[in-house]
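Colleague: Could you take me through the largest pocket in close detail, with the cut-offs behind each term?

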Amino acid sequence: KVDDAERAALNQDPRFFVPMYMGPMGWLGLDFEAAPVDWDEVTELVDASYRLVASKKLIKQLDGAS
């Protein structure tokens, strides 16, 4: 899932694509074979995506708050 503010920039990157079924709901796919994978970038993207769909309780757990 991608924040609307980042969507335009990621759409310009050839590694990203709009998946057939999830794309209309705001998701982008990342082609791991299009270029060498920067796992730090993938970690940041997954974290940001999770925060868009997770409940507040789960986000607090992720951040280490009780």
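Modeller: What follows deals with the largest pocket and then, briefly, with the largest cavity. This is a predicted model, in which local features need pLDDT of at least 70 and side-chain atom pairs count only at pLDDT 80 or more, while totals for chains, interfaces and linings use all residues. Residues are numbered from 1 along each chain as its sequence is written, and side-chain values use heavy atoms, with hydrogens and water left out.

On a 1 Å grid over the protein atoms alone, a pocket is an open set of points with protein on both sides within 12 Å along at least five of seven lines, a cavity is a set where a 1.4 Å probe fits but cannot get out, and lining residues have an atom within 4 Å of a point. The largest pocket has a volume (the space filled by probe spheres set on the points, which are joined across faces, edges and corners) of about 260 Å³. Of its 17 lining residues, Lys1, Val2, Leu45, Val46 and Ser49 are the closest to its centre. At least two lining residues come from each of helix H1 (4-12), strand S2 (29-30) and helix H2 (39-53), and H2 gives the largest share, six residues; helices (H or I, at least four residues) and strands (E, at least two) are DSSP runs, numbered from the N terminus. By class, 12 of the lining residues are nonpolar (Ala, Val, Leu, Ile, Met, Phe, Trp, Tyr, Cys and Pro), three are charged (Asp, Glu, Lys and Arg) and two are polar (the others, Gly among them).

The whole structure also holds one cavity of 30 Å³ or more, and the largest cavity has a volume of about 40 Å³. Its lining includes Arg15, Phe32 and Glu41, and by class has six nonpolar, four charged and no polar residues.
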